[in-house]
Structure formats: structure tokens, C-alpha cells
Amino acid sequence: MAWGVPISTCMGVRQFTDLDAWKLSVELKRNVYRLATIDAVRRDRLYCEQLTTAAASAPANIAEGFARFQHADFMRFLRIAIGSLDELENHLIDGVDRGHFPASEIESARVLKRRSAAAVASLIRYLRQSKAP
């Protein structure tokens, strides 16, 4: 709640799927899932699992935080989402180091990661500036 009004009303958001941060992180997740279909990645099962788990973590944490209805709880999950995005970027770079794909292959995912992290950071700033319930 902000100023006694539910956060969703202040933000024009009714559900977590309306959040730009969530939408961008889902777009990133789908991009990474496509990378995970590359034969070299699929054969490296542990790496593939780490990659896809990290990709799924950010939107899941955004969704879970949204459902908490408290600014502090929501921000905690948003910070976890940012950590997951950084972890994902590390796994993408590791995939290049392992020879699973060229650096050019992950550039669009890295751009989406930066956009996702920026959207999450903006949401955290909004929550900090608005009055907590």
C-alpha cells in the first residue's frame, strides 16, 4: 500500500504480469531457453540446468514479491531478482568460456538482462519513495 492505497492501484498494476520488470525478465528467460536448445548446451546437463534455473528465477521472484503486499518484502524479492539476473549473466559468459556459443550469440540476452535489471531497480526506487503501508 502507498498512502493507504494498494500499490497496484498507484502503479496502474493489477497483477505481477503487468509489471515491465516481470515482462522483460520473462522475455530474457525465453531468450535463454532458446540458447539452452543448442546441442553443446544440452549435452552439458549441469550447466544447462544452472542456466535455465537462473533464467527462471528473476521473474519468479518478481511475482512472489508482488504477492507479498508489503514494500519491504517486495523489495527483498526484487533484490533477489537482481542477483538472479547477475547470476544468469555470469552463466552466459561461462557458456562462451566453455565454447558452447560465441560471445555474439549471447549479446541480445545480455542487453535484455541490463534492461530487466534497470526495470527492477526502478521498481525498487518507486517502492522506497512511496509511503509504506
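Phe-66 comes out as buried in this predicted model, with a relative accessibility of 10%. Phe-74 is buried too, and its relative accessible area is just 3%. A scan of the whole structure for aromatic pairs turns up two. In one of them, the rings of Phe-16 and Trp-22 sit with their centres 5.3 Å apart. Their planes meet at 75°, past the 60-degree mark, so this pair goes down as edge-to-face. Burial is split between these partners: Trp-22 is buried at 18% relative accessible area, a value that falls under the 20% cut-off, while Phe-16 is partly exposed at 30%. Phe-66 and Phe-74 also make an aromatic pair, again edge-to-face, with 6.0 Å from centre to centre and 85° between the planes. Here both rings belong to buried residues, given the 10% for Phe-66 and the 3% for Phe-74.

Turning to the nonpolar interior, the largest core takes in 37 residues. Leu-19, Ile-62, Leu-78, Leu-88 and Leu-92 are the ones with the most contacts inside that core. Four helices each put in at least two residues: α2 (20-35), α4 (45-66), α5 (71-97) and α6 (103-129).

Leu-78 gives a good close-up of the packing. Leaving aside residues up to four places away in sequence, Leu-78 touches Ile-62, another of the residues with the most contacts in the core. The remaining partners of Leu-78 are Val-120, Leu-123, Ile-124 and Leu-127. Those four positions fall within α6 (103-129), whereas Ile-62 lies in α4 (45-66) and Leu-78 itself in α5 (71-97).

Key. Residues numbered from 1 in each chain as written. Predicted model: local features only at pLDDT ≥ 70, side-chain atom pairs only at ≥ 80, totals over all residues. Heavy atoms only, no water. Core = buried A, V, L, I, M, F, W, Y, C linked by side-chain atoms within 4.5 Å. Buried < 20%, exposed > 50% of the residue type's maximum accessible area, 1.4 Å probe, protein only. Contact = heavy atoms within 4.5 Å. Phe/Tyr/Trp six-rings, centres within 6.5 Å; stacked < 30°, edge-to-face > 60°.
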